[in-house]
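Me: I have a protein model to look at, and I would like to understand the words people use for it. Could you take me through them step by step?

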Amino acid sequence: MNTGALISTGGKPLVRWLLLATMLLLAAVASAQPSPARAAAEAAQQQVQPGNNSPFWTDIEAMRRGFTQVQTIDAGVLVNPGGELWRKLHEGPFPFWGAIWLVGVPGAILLFWFFAGPMKLHSTETGRLIRRFASWERALHWTAATCFLILAVTGFTLFFGKYYVEALLTYPVYSWVAKAAVTLHNFTAPVFAVTLVLLFAAFVKRNLWGVYDWGWLRRLGGFIGKGEPPSGFFNAGEKLWFWFGVTALGLVMIVSGAVLLLPVYNQTRDVLAAADIVHLSAALLLVGASFGHVYMGTIGMRGALRAMREGVVDETWAKEHHSVWHDDLLAGRAHEASDAPLLAPTAAPENPR
């Protein structure tokens with residue numbers, strides 16, 4: 001058999017197919033090489049979006065979870081978009097407006113006291129004392145007040161620290177102050193929570209709303225009209241503080257604080273961020289409202305501090321500031337704290353502060 005003849009005649013189609021395949025392969029390789037313009041575009045895209053991971057980051061921004069071997073809450077979430085809102089609030093309106101609130105409220109109260117002065121008795125003290133608060137009630141109140149003061153100082157030291165305190169103390173000193181504040185805050189919070197519950201149980205019955213409380217509000221406690229309007233054991237202002245401040249805001253503080261203090265129940269980062277914002281907002285409102293309570297219990301009303309310090313008030317004080325309660329005592333519908341003798345005499349009236 002003549003093999004050369006087969007290649008030269010019958011082999012022409014095979015040679016042609018081999019040449020065609022080679023040309024197509026070379027064309028494909030040539031087309032795969034990027035042109036200068038395309039290479040420049042891809043380089044620019046690489047700078048804007050490294051790795052060209054647009055679908056990947058779209059999934060992240062949509063809070064789609066990924067897959068990981070780590071078995072913890074939020075382990076599959078690479079970036080938490082909700083944290084950006086938390087950061088903006090913490091670095092924007094809260095430090096600025098919170099500071100104005102904490103300075104402005106007591107400033108306005110002191111300005112009012114400067115022009116109006118304290119509430120005084122219109123009649124002379126009789127020297128006969130009424131026991132208003134039992135010793136255990138006063139101990140409960142002062143325990144709650146002490147815890148509240150510690151929590152307010154340590155909490156705001158931590159929040160406002162890097163904006164104001166650090167500038168005064170320098171960072172190394174402030175770091176130690178912050179560490180002590182965190183420890184003191186976390187260990188005081190449970191004591192405050194328990195005390196607040198006991199305080200509610202002790203005084204809730206005496207803070208029930210009465211018909212005369214509406215009259216007290218309409219006259220703003222005596223600033224409108226002549227004389228002080230009738231009120232029971234607590235007036236309407238004290239009852240609003242009890243229900244809004246002690247009860248409502250106190251409950252919000254306890255619940256949100258527990259979420260932050262005990263992050264062991266698989267709280268997500270969104271839950272912790274929301275609890276932090278709620279806790280801080282309630283703290284600002286509670287401290288702001290407490291300024292009014294402290295004012296009326298100290299320099300705003302003469303004789304009020306003695307009631308919580310010694311547990312007694314003068315008969316004239318009870319008659320003018322809490323006339324309904326005084327009438328109930330005389331009629332036997334109410335009793336003094338610890339059932340002490342009604343209108344117990346004293347040697348001489350004390351000048352109330």
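Reply: Happy to! A nonpolar core is a set of buried Ala, Val, Leu, Ile, Met, Phe, Trp, Tyr and Cys residues joined through side-chain atoms within 4.5 Å. Buried means under 20% relative accessible area, exposed means over 50%, and partly exposed lies in between (1.4 Å probe, protein chains only). This is a predicted model, where local features need pLDDT of at least 70, side-chain atom pairs count only at pLDDT 80 or more, and totals for chains, interfaces and linings use all residues. Residues are numbered from 1 along each chain as its sequence is written, and side-chain values use heavy atoms, leaving out hydrogens and water.

Me: Which residues have the most contacts inside the largest nonpolar core?

Reply: They are Phe133, Phe156, Phe203, Val313 and Trp325, in a core of 43 residues. Eight residues of this core come from helix 7, the largest share. Helices here are DSSP runs of H or I with at least four residues, strands are runs of E with at least two, and both are numbered from the N terminus. The chain has 14 helices and three strands.

Me: What does Val313 touch, not counting residues up to four places away in sequence?

Reply: A contact means heavy atoms within 4.5 Å. Val313 touches Arg128, Leu129, Ile130, Arg132, Gly303, Ala307, Ala318 and Trp325.

Me: What makes Glu137 and Arg206 a salt bridge?

Reply: The rule asks for a side-chain nitrogen of Lys or Arg within 4 Å of a carboxyl oxygen of Asp or Glu. For Glu137 and Arg206 the N to O distance is 2.6 Å, so the pair fits the rule. Glu137 lies in helix 7 and Arg206 in the loop between helix 8 and helix 9 (211–218), so the pair ties together parts that are 69 residues apart in sequence.

Me: Why is Glu137 called buried, and why is Arg206 called partly exposed?

Reply: Glu137 has 5% relative accessibility, which is under the 20% limit, so Glu137 counts as buried. Arg206 has 26%, between the 20% and 50% limits, so Arg206 counts as partly exposed.

Me: How do you know that Asp213 forms a salt bridge with Lys239?

Reply: Their closest N and O atoms are 2.7 Å apart, which is within 4 Å, so the pair passes. Asp213 is in helix 9 and Lys239 in helix 10, 26 residues apart, and the pair links distant parts of the chain. Asp213 has a relative accessible area of 0%, so Asp213 is buried. Lys239 has 2%, so Lys239 is buried.

Me: Where do Glu91 and Arg87 lie, and what makes them a salt bridge?

Reply: Both are in helix 5 (residues 82–91), four residues apart, about one turn of the helix. Their closest N and O atoms are 3.1 Å apart, within 4 Å, so they form a salt bridge. Glu91, at 45% relative accessibility, counts as partly exposed because 45% is between 20% and 50%. By the salt-bridge rule, the count comes to seven.

Me: Why is Ile299 called partly exposed?

Reply: Its relative accessibility is 38%, between 20% and 50%, so Ile299 is partly exposed. Ile299 is in the loop between helix 11 (269–297) and helix 12 (304–309).
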